[in-house]
Amino acid sequence: MTESWHTGNAADDGADTRGWIVGHFLDPSHGVRSTSDVEVKWATHPKGDKRPGWTTDDQRTTLVMLINGHFHVESTQGQAMFTRPGDYATWGPGVDHTWEALEESVVLTVRWPSV
């Protein structure tokens, strides 16, 4: 790894950070993955896994995309059932949300900025 180039595996790289592989919370020794511009998470959720509660007043923009599985996202602005790879939802600052894996699911989440 160099400061501005990194290759890896999302599951491996996120193992110690709840799936988050890019963001401000990574030590600068992680090079290009340590940034305040964006956060990226790769998560495998077993069937029945759900967020323990609703987010509250998150001030970032978020995109959640299904890689595989069956996943449900509910927000204060609407809800979405993800059944096909590539199904996604995105929302702006101040929109609270929760989620549940209806089958084992792999989900990519991107949030910006990283705060």
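Which strands each supply at least two residues of the lining of the largest pocket? Keep that in mind as you load the model, which is a predicted one. The strands to colour are β2 (39–45), β3 (61–68), β4 (71–75), β7 (97–101) and β8 (105–112), each of which gives at least two residues to that lining.

**Stop 1: the largest pocket**

Show the surface of the largest pocket, whose volume is about 530 Å³. Its lining has 23 residues, and the ones closest to the centre are R18, W20, K41, R51 and W99. Select those five as sticks, then bring in β2, the source of the largest share of the lining, with four residues. If you colour the lining by residue class, you will find nine nonpolar, six polar and eight charged residues.

**Stop 2: R18, by the pocket centre**

Stay with R18, one of the residues closest to the centre of the pocket. R18 sits in the loop between α1 (10–13) and β1 (20–22). Is R18 buried or exposed? With a relative accessible area of 67%, R18 is exposed, because the cut-off for that class is over 50%. Check its backbone too: phi is positive, about 55°, although R18 is not a glycine. Most residues other than glycine have a negative phi.

**Stop 3: W20 and the aromatic pairs**

Next, select W20, also among the residues closest to the pocket centre. W20 has 6% relative accessibility and therefore counts as buried. Now look for ring pairs: the whole structure holds three aromatic pairs. In one of them, W20 meets F25; the ring centres are 6.2 Å apart and the planes stand at 70°, so this pair is edge-to-face. F25 counts as partly exposed, at 34% relative accessibility.

Move on to F71 and F82, which make a stacked aromatic pair with 6.4 Å from centre to centre and 25° between the planes. F71 belongs to strand β4 and F82 to strand β5 (residues 78–82), so their pairing ties together parts that are 11 residues apart in sequence. Both F71 and F82 are buried. Add W99 to the selection: ring pairs link F71, F82 and W99 into a cluster. W99 also brings you back to the pocket, as one of the residues closest to its centre.

**Stop 4: the sheet around β4**

Switch to a cartoon view and pick out β5, β4 and β7. In that order they make an open sheet of three strands with antiparallel pairing. Which strands stand at the edges? They are β5 and β7, each with a single partner strand, so one side of each has no neighbour in the sheet. Neighbouring strands here are turned by 10° against each other on average, with direction ignored.

Zoom in on β4. Four of its five residues are buried, which leaves the strand mostly covered. Five bridges join β4 to β5, and five bridges join β4 to β7. With β5, the strand forms a hairpin that has two residues between its arms. To see a bridge at the end of β4, select S75 and its partner in β5, G78.

H72 is a good residue to centre on, with a partner in each neighbouring strand. In β5, H72 stands opposite M81; in β7, the bridge partner of H72 is E100.

**Stop 5: E39 in β2**

Go back to β2 and select E39, which lies in this strand. What is the class of a residue at 1% relative accessibility, such as E39? E39 counts as buried. Draw a distance from E39 to V22: they are 17 residues apart along the chain, and their C-alpha atoms are separated by 5.0 Å.

**Stop 6: two backbone details**

Follow the chain to D57, in the loop between β2 and β3. D57 has a phi near 55°, a positive value in a residue other than glycine. At 54% relative accessibility, D57 counts as exposed.

For the last selection, take W112 and P113. A cis peptide bond joins W112 to P113, with omega about -10°. P113 lies in the segment after β8. Most peptide bonds are trans.

Conventions. Residues numbered from 1 in each chain as written. Predicted model: local features only at pLDDT ≥ 70, side-chain atom pairs only at ≥ 80, totals over all residues. Heavy atoms only, no water. 1 Å grid on protein atoms, 1.4 Å probe; cavity = no way out; pocket = protein on both sides within 12 Å on 5 of 7 lines; lining within 4 Å. Points joined across faces, edges and corners; volume = space filled by probe spheres on them. Nonpolar A, V, L, I, M, F, W, Y, C, P; charged D, E, K, R; others polar. Phe/Tyr/Trp six-rings, centres within 6.5 Å; stacked < 30°, edge-to-face > 60°. Buried < 20%, exposed > 50% of the residue type's maximum accessible area, 1.4 Å probe, protein only. Pairing = 2+ DSSP bridges. Axes fitted to C-alpha atoms, helices over the stretch in contact; angles between N-to-C directions.
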